[in-house]
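Please open the model in the viewer and keep the sequence panel beside it. The tour proceeds by selection, from the whole chain to helix pairs and then to individual residues.

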Amino acid sequence: MTTTDGPWADVSFGLGELYELEGDLAQAAEWYREAAESGRADAALRLGDVLGRLADERLPAAPDTAEELLAEATRWLSGAPAASSPDAIELITEMLDRHHRWAARRGLEPGPAS
C-alpha cells in the first residue's frame with residue numbers, strides 16, 4: 001500500500017491545492033504527483049498545469065530544467081483520463097503555446113561560435 005491509496009490520494013490532492021494557493025508550485029507539484037500516480041484525473045491535470053508554470057518561471061535561468069518540466073507536464077496532460085474535458089483541452093492548448101514559445105526562444109539564441 002502506498003501513502004496515496006484511497007483517502008490518502010484525496011489528502012495529497014488537498015495538500016497540492018494548499019501549496020498551489022500559497023504559491024509554492026514545487027511543493028504543489030510533489031503532492032499533485034502523489035495523487036495523480038494514484039489515478040486521480042483532476043490531480044494529473046493540476047500537475048500538468050503547475051509543471052508548465054514552473055517551466056515558465058525557470059525558462060530564462062535554467063532552460064534544461066524548464067524543458068524537462070514541459071516534457072513531464074505534457075505527459076501528464078496528454079495521458080490524463082479526463083484529457084478530452086474542456087478544462088483539459090484548455091490546459092493542453094496552453095501547454096502547446098508554452099512549447100511554441102520555447103521553440104521560438106531556442107531559435108533566437110545564438111549558436112556556438114565556429
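The stops below begin with the whole protein.

**Whole chain**

This is a predicted model, in which local features need pLDDT of at least 70, side-chain atom pairs count only at pLDDT 80 or more, and totals for chains, interfaces and linings use all residues. Residues are numbered from 1 along each chain as its sequence is written, and side-chain values use heavy atoms, with hydrogens and water left out.

Select everything and colour by secondary structure: the protein has 5 helices and 0 strands, in the order α-α-α-α-α along the sequence. Helices (H or I, at least four residues) and strands (E, at least two) are DSSP runs, numbered from the N terminus. Of the 114 residues, 32% count as buried, where buried means under 20% relative accessible area, exposed over 50%, and partly exposed in between (1.4 Å probe, protein chains only). The accessible surface comes to about 6,800 Å², and 56% of that belongs to carbon and sulfur atoms; such areas come from the Shrake-Rupley method with a 1.4 Å probe, and for residues only the protein chains shown count as cover. Among contacts (heavy atoms within 4.5 Å) between residues at least 6 apart in sequence, 56% join residues at least 24 apart.

**Helices H2 and H3**

Next, select residues 25–37, which form helix H2, together with residues 41–58, helix H3. H2 and H3 pack at an angle of about 150 degrees, with their axes 9 Å apart. Axes are lines fitted to C-alpha atoms, for helices over the stretch in contact, and angles run from 0 to 180 degrees between N-to-C directions. H2 and H3 are therefore roughly antiparallel to each other, a label for angles over 145 degrees (under 35 is roughly parallel, 65 to 115 roughly perpendicular, the rest oblique). On the H2 side, show Tyr32 and Arg33, among the contact residues; on the H3 side, these include Val50 and Glu57. The residues of this contact divide into 13 nonpolar, no polar and 5 charged. Here Ala, Val, Leu, Ile, Met, Phe, Trp, Tyr, Cys and Pro count as nonpolar, Asp, Glu, Lys and Arg as charged, and the others, Gly among them, as polar.

**Helices H3 and H4**

Keep H3 and add residues 63–79, helix H4. The axes of H3 and H4 come within 8 Å and cross at roughly 165 degrees; H3 and H4 are therefore also roughly antiparallel. Among the meeting residues are Gly48, Asp49 and Gly52 in H3, and Pro63, Thr65 and Trp76 in H4. The contact of H3 with H4 comprises 13 nonpolar, 3 polar and 3 charged residues.

**Single residues**

Is Glu72 of helix H4 buried or exposed? Glu72 is buried, with a relative accessible area of 16%. Not counting residues up to four places away in sequence, Glu72 touches Arg33 and Leu51.

Finally, select Ile89 in helix H5 (residues 86–108). Ile89 is partly exposed, at 44% relative accessible area. A C-alpha to C-alpha distance from Ile89 to Leu45 should read 10.0 Å, across a sequence separation of 44 residues.
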